[in-house]
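The report that follows treats the contact between two chains, then their relation to one another, and finally the strands and loops within each chain.

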There are 2 protein chains.
Amino acid sequence: MITEQKKILDAPAARPSVAAMVENIIGCKWSLRVLELVREGINRPGAMEHAIEGLTAKVLNERLKKLSGYGILDKTIYPESPPHVEYRLTAFGLRFSSLLDEIEQLEKSLGEAGAACRDD
Amino acid sequence: MITEQKKILDAPAARPSVAAMVENIIGCKWSLRVLELVREGINRPGAMEHAIEGLTAKVLNERLKKLSGYGILDKTIYPESPPHVEYRLTAFGLRFSSLLDEIEQLEKSLGEAGAACRDD
């Protein structure tokens, strides 16, 4: 793991609040899909690009950079030849993902309640 | 419980997403404090107004209206003389409050991680 290199690549920006992260990520289908893949164990950018139809390398890299900047994903560079990169959920990212799950469930429960109320 | 009257008072607006609700409520200290009071069993607007220093009746009513509109609080009007009003968490509101707790804990964990990293 080349941590020095990692630090240079992912220089931390001002961290937004968790609520702002939630809003930002939930509003972006690519971020959600990328997170989903990492949770399924698809860790390499190349594999992610193949797994998500319509996702370009450029957009994928932007999403990975954003998720890493938020502290949700952790990037590891393996100094092989050719070197390869893997992304994993951080401890924070794991809890953050659970939060997104709960929000999704709440969203669904509201949707159902709304549907049930239409005939009232 | 005068449900007919309640429906007239709280005509439903277009419902925002759960993520937008999170952002909106976390960004408003009054909303957070009102929710906290309801969770502690302080249900009447008069008692809330006395419990929160600096909170005016106008702002309290706006917050209560917003939280009710979001489906987080449920308003009950008791037709006594004089009539009185109580607010309670809905089932959704209870889950939503747990979500806010989890976000607060995550926020704290990030704050601690940030502090721990300063000496790296």
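The contact between the chains takes 20 residues from chain A and 20 residues from chain B, where contact means heavy atoms within 4.5 Å. This is a predicted model, in which local features need pLDDT of at least 70 and side-chain atom pairs count only at pLDDT 80 or more, while totals for chains, interfaces and linings use all residues; side-chain values use heavy atoms, with hydrogens and water left out. Residues are numbered from 1 along each chain as its sequence is written, and chains are lettered from A, and ligands numbered from 1, in the order in which they are written.

Between them, chain A and chain B bury about 1,900 Å², and 66% of this area lies on carbon and sulfur atoms; buried area is here the accessible area (1.4 Å probe) that two parts lose on being put together, summed over both. Of the area that chain A buries against chain B, 30% is supplied by A:Arg95, A:Leu106 and A:Leu110, which is more than any other three residues supply.

The polar side of the interface can be counted as well. There are 2 salt bridges between chain A and chain B, a salt bridge being a side-chain nitrogen of Lys or Arg within 4 Å of a carboxyl oxygen of Asp or Glu. In a salt bridge, the side chain of A:Arg95 meets that of B:Glu102 at 3.7 Å, N to O. Two elements of chain A, α2 (18–26) and α6 (91–117), give two or more residues to the side that touches chain B, helices being DSSP runs of H or I with at least four residues and strands runs of E with at least two, numbered from the N terminus. Helix α6(A) gives the most to this side of chain A, with 11 residues. By residue class, the side of chain A that touches chain B divides into 12 nonpolar, 3 polar and 5 charged residues, where Ala, Val, Leu, Ile, Met, Phe, Trp, Tyr, Cys and Pro count as nonpolar, Asp, Glu, Lys and Arg as charged, and the others, Gly among them, as polar.

How are the two copies related? Chain A is superposed on chain B by a rotation of 180 degrees with 0.0 Å of shift along its axis (RMSD 0.0 Å), which is the relation of a two-fold axis; the fit is by least squares on the C-alpha atoms of residues with pLDDT of at least 70 in both copies. Of the interface residues of chain A, 100% are also interface residues in chain B, so the copies meet through the same surface.

Within each chain, two strands form a hairpin, and the table sets the two copies side by side; strands pair if DSSP finds at least two bridges between them.

| Strands | Bridges and direction | Residues between the strands |
|---|---|---|
| β1(A) and β2(A) | 6 bridges, antiparallel | 5 residues |
| β1(B) and β2(B) | 6 bridges, antiparallel | 5 residues |

In chain A, strand β1 covers residues 73–78 and strand β2 residues 84–89. Along this pairing, A:Leu73 stands opposite A:Leu89, and A:Asp74 has A:Arg88 as its bridge partner; in chain B, B:Asp74 stands opposite B:Arg88.

The loop between β1 and β2 of chain A holds A:Pro82, which a cis peptide bond joins to A:Ser81, with omega about 0 degrees. In chain B, the peptide bond from B:Ser81 to B:Pro82 is cis, with omega near 0 degrees, and B:Pro82 is found in the loop between β1 and β2 of that chain.

A search of the whole structure finds 14 salt bridges over all chains. One of the pairs is A:Glu86 with A:Arg44, whose closest N and O atoms are 3.6 Å apart. This pair links distant parts of the chain, 42 residues apart, with A:Glu86 in strand β2 of chain A and A:Arg44 in the loop between α3 (29–39) and α4 (45–51).
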